[in-house]
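Colleague: I'd love to walk through this one with you, a question at a time. Shall we put it on the screen?

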Amino acid sequence: MSVREFVVLGTASQVPTRHRNHNGYLLRWDGEGILFDPGEGTQRQMLRAGVAAHDINRICVTHFHGDHSLGLAGVIQRINLDRVPHPVTAHFPASGRRFFDRLRYATAYRETVRLAEEPVAADGVLAATPSYTLEARKLSHPVEAYGYRLTEPDGRRMLPEKLAAHGIAGPDVGLLQREGALNGVTLDEVSEVRRGQRFAFIMDTRLCDGVHALAEGCDLLVIESTFLDEDVRLATEHGHLTAGQAARVAADAGVRHLVLTHFSQRYSDPSEFERQARAAGFEGELTIARDLMRVPVPKRT
């Protein structure tokens, strides 16, 4: 059975706190795992969350501020120490290659795993697999930053009443699905499009076109809300979003489940982020991220 869930390893911005680790997130998507923005302490958080190095197939770094990347050194070395049996691909802003290289080779270790480096230099598709297409969009932050989006290919949903009307049952259903037609009946006549699931990961950024493009139609949107609305001036100055801004993006984009994360240490009451997100008009499912929580990707409608 396929598993699609989002594992929160850390939720703090800039510095860890007593209750929040630096950033770190793992998306389980069927048989693959994509690790996003491993900040300091991610390797230990993986142990606490039951995430193994073997679970990682891709690493996606949005930008090279420390709270989003200092954990790379430990994670990469752990991948090699555990002799992960499959190749791992790393995506990161091309302008930060020197930082990636320094973190990858921060100390001496034996390389046992093929780590493919695929830097991101512009908006576009990064990978296309049978399970998803991965793309990146540029964000607006003091250093170059990209957000990431996964889109599952559309499928077909068979309609039992229309199959029955055409006398199609049993093994013939599978034959029709494979061949596209059976005894003059086409697949379009007895099925409908089943929209593929969509996920987006948006970290440090001001409002910009990339934010809206990434969020559009997402089943699960993970987005930073570093500041509360009363500190919008600070948010804009430092290249971040407020809870209300993030929620309005989600509402306008038709997001089904919104996850807010990356909270400034200045705030001690997480419920205020939820209150402001609701006040901004988001009516879907809403999660205020906590370290080590798991968020399932919503079931298809």
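Colleague: Let's start with Asp-30: in the loop between which two elements does Asp-30 lie?

Modeller: Helices (H or I, at least four residues) and strands (E, at least two residues) are DSSP runs, numbered from the N terminus. On that numbering, the loop holding Asp-30 joins S2 and strand S3 (32-36). The elements asked for are therefore S2 and S3.

Colleague: Before we go on, what pLDDT do local features need here?

Modeller: Residues are numbered from 1 along each chain as its sequence is written, and side-chain values use heavy atoms, with hydrogens and water left out. This is a predicted model, in which totals for chains, interfaces and linings use all residues, side-chain atom pairs count only at pLDDT 80 or more, and local features need pLDDT of at least 70.

Colleague: Back to Asp-30, then. What is notable about its phi, and is Asp-30 buried, partly exposed or exposed?

Modeller: As a rule, most residues other than glycine have a negative phi. Asp-30 has a phi near 55°, a positive value in a residue other than glycine. For exposure, buried means under 20% relative accessible area, exposed means over 50%, and partly exposed is in between (1.4 Å probe, protein chains only). Asp-30 has 28% relative accessibility, so the class is partly exposed.

Colleague: Just after H3, which residue takes a positive phi?

Modeller: Look in the loop between H3 and strand S5 (88-91). The phi there is about 50°, in a residue other than glycine. The residue is Arg-83.

Colleague: Is His-22 buried or exposed?

Modeller: His-22 sits in the loop between strand S1 (4-10) and strand S2 (24-29). Leaving aside neighbours within four places in sequence, His-22 is in contact (heavy atoms within 4.5 Å) with residues including Gly-10, Pro-16, Gly-39 and Asp-67. The relative accessible area of His-22 is 3%, so the class is buried.

Colleague: Which backbone atoms does the side chain of His-22 reach?

Modeller: A polar contact is a pair of N or O atoms within 3.5 Å; within protein, one must be able to donate a hydrogen and the other to accept it, and residues adjacent in sequence count only if both atoms are side-chain atoms. At 2.9 Å, the His-22 side chain reaches the backbone oxygen of Gln-14. At 3.2 Å, the partner is the backbone nitrogen of Glu-40.

Colleague: With which side chain does Gln-43 make a polar contact?

Modeller: Gln-43 belongs to helix H1 (residues 42-49), and its 29% relative accessibility makes it partly exposed. Not counting residues up to four places away in sequence, Gln-43 touches Gly-74, Val-75 and Arg-78. The polar contact, at 3.2 Å, is with the side chain of Arg-78.

Colleague: How do H3 and H4 cross, and at what angle?

Modeller: Axes are lines fitted to C-alpha atoms, for helices over the stretch in contact, and angles run from 0 to 180 degrees between N-to-C directions. The axes of helix H3 (residues 72-81) and helix H4 (residues 97-104) come within 8 Å and cross at roughly 55°. Under 35 degrees counts as roughly parallel, over 145 as roughly antiparallel, 65 to 115 as roughly perpendicular and the rest as oblique. That makes H3 oblique to H4, at an angle of roughly 55°.

Colleague: And which residues of H4 make the contact with H3?

Modeller: On the H3 side, the contact involves Leu-72, Ala-73 and Ile-76, and these three are among the buried residues of H3. On the H4 side, the residues are Phe-100, Leu-103 and Arg-104.

Colleague: Now H9: how many of its 11 residues are buried?

Modeller: Helix H9 covers residues 243-253 and is largely enclosed by the rest of the structure. Its cover includes helix H7 (209-215), strand S15 (220-224) and helix H10 (271-279). Among the buried residues are Ala-243, Gln-245 and Val-249. The number buried is 8.

Colleague: Last one: at what angle do the axes of H9 and H10 cross?

Modeller: The two axes come within 8 Å, and H9 and H10 are oblique to each other. Ala-243, Gly-244 and Ala-247 of H9 meet Phe-273, Gln-276 and Ala-277 of H10. The crossing angle is roughly 45°.
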